[in-house]
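Welcome! Take a moment to look over the model below, and then we will walk through it together.

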Amino acid sequence: MKKKLTGYFCLLVILIGSVAFTQFVDQPPVEVPAIPEEELEIPVDQLVTVAKSLDLGTAIVSIERDKGLFGGEKGTYTFKFENGAEVQLDSKTGEVLKSKEGKKQDEQIMKLLSMTGVSLEDTLKTVMEVFQENKLESAKLQADEIGNPIYLFIFEDLTVEVDATSGEIINPPVEIPSVPENEQMPEQIEETPEETPIDENELIFPENPGNF
């Protein structure tokens, strides 16, 4: 009797398992919720506006994406002014995390600033428009080999040099599409009337016979 009950129990387990398997197979696939995208960063040129609104200095001379341990990104930018002042902003919220007032102006930086014709922030906008989809790592005012001021922009896989006096991109060369010249009309050559050969035997009468 005990063996018979055991047999019935095993058969019941098999039937239940097969029914459960059939229901599992027939069920529609479960939709996995999409993973939300990472929060986008605020454009650097907008962070520049926030930094300048704090009135820590007159001109921003460098921008640096801060690095954490093992070179990882901290999600912040540090902006430095000509007088040594600094401010650290959250790259996603624009919140001021740290700030330090300037105490002394750098003579070399002030000399370079006196020769610039465009600001770092204005040049940054131009560079970001030309080299889109590039992540800025740093930007700063410095002197070139002969002492002229340039802005150096370093991206993840690109370095850009800009003439700080004119705002012209020096390196890498940027191909500016040339404006097509207006097509010039071919010069018209004035045709001179062909001279009719004079027949020596032909009689020529004067135009005003009254003169005779």
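Of the 212 residues in this protein, 25% count as buried. Keep in mind as you look around that this is a predicted model. The protein exposes about 17,200 Å², and carbon and sulfur atoms supply 55% of that area.

How is the chain built up? It holds 4 helices and 8 strands, and along the sequence they follow the pattern α-α-β-β-β-β-α-α-β-β-β-β. Among contacts between residues at least 6 apart in sequence, 44% join residues at least 24 apart.

Now let us visit one element, helix H3, which spans residues 107-115. Which of its residues are buried? They are Ile 109, Leu 112 and Leu 113. Seen down the axis of H3, these buried residues fall within an arc of 100°, so they line one face of the helix. The face turned away from that buried side carries the exposed residues Glu 107, Gln 108, Lys 111 and Ser 114.

What covers the buried residues of H3? The cover includes the strands in this table.

| Strand covering H3 | Residues |
|---|---|
| strand S1 | residues 60-67 |
| strand S5 | residues 136-143 |
| strand S6 | residues 149-155 |

Finally, look at the N-terminal end of H3, which is capped by Asp 106. Here a side-chain oxygen of Asp 106 lies 2.9 Å from the backbone nitrogen of Gln 108. Gln 108 also belongs to the exposed residues on the face of H3 turned away from its buried side.

Note on methods: Residues are numbered from 1 along each chain as its sequence is written. This is a predicted model: local features need pLDDT of at least 70, side-chain atom pairs count only at pLDDT 80 or more; totals for chains, interfaces and linings use all residues. Side-chain values use heavy atoms; hydrogens and water are left out. Buried means under 20% relative accessible area, exposed over 50%, partly exposed in between (1.4 Å probe, protein chains only). Helices (H or I, at least four residues) and strands (E, at least two) are DSSP runs, numbered from the N terminus. The arc is that of the directions from the helix axis to the C-beta atoms. Contact means heavy atoms within 4.5 Å. A polar contact is a pair of N or O atoms within 3.5 Å; within protein, one must be able to donate a hydrogen and the other to accept it, and residues adjacent in sequence count only if both atoms are side-chain atoms. Accessible areas come from the Shrake-Rupley method with a 1.4 Å probe; for residues, only the protein chains shown count as cover.
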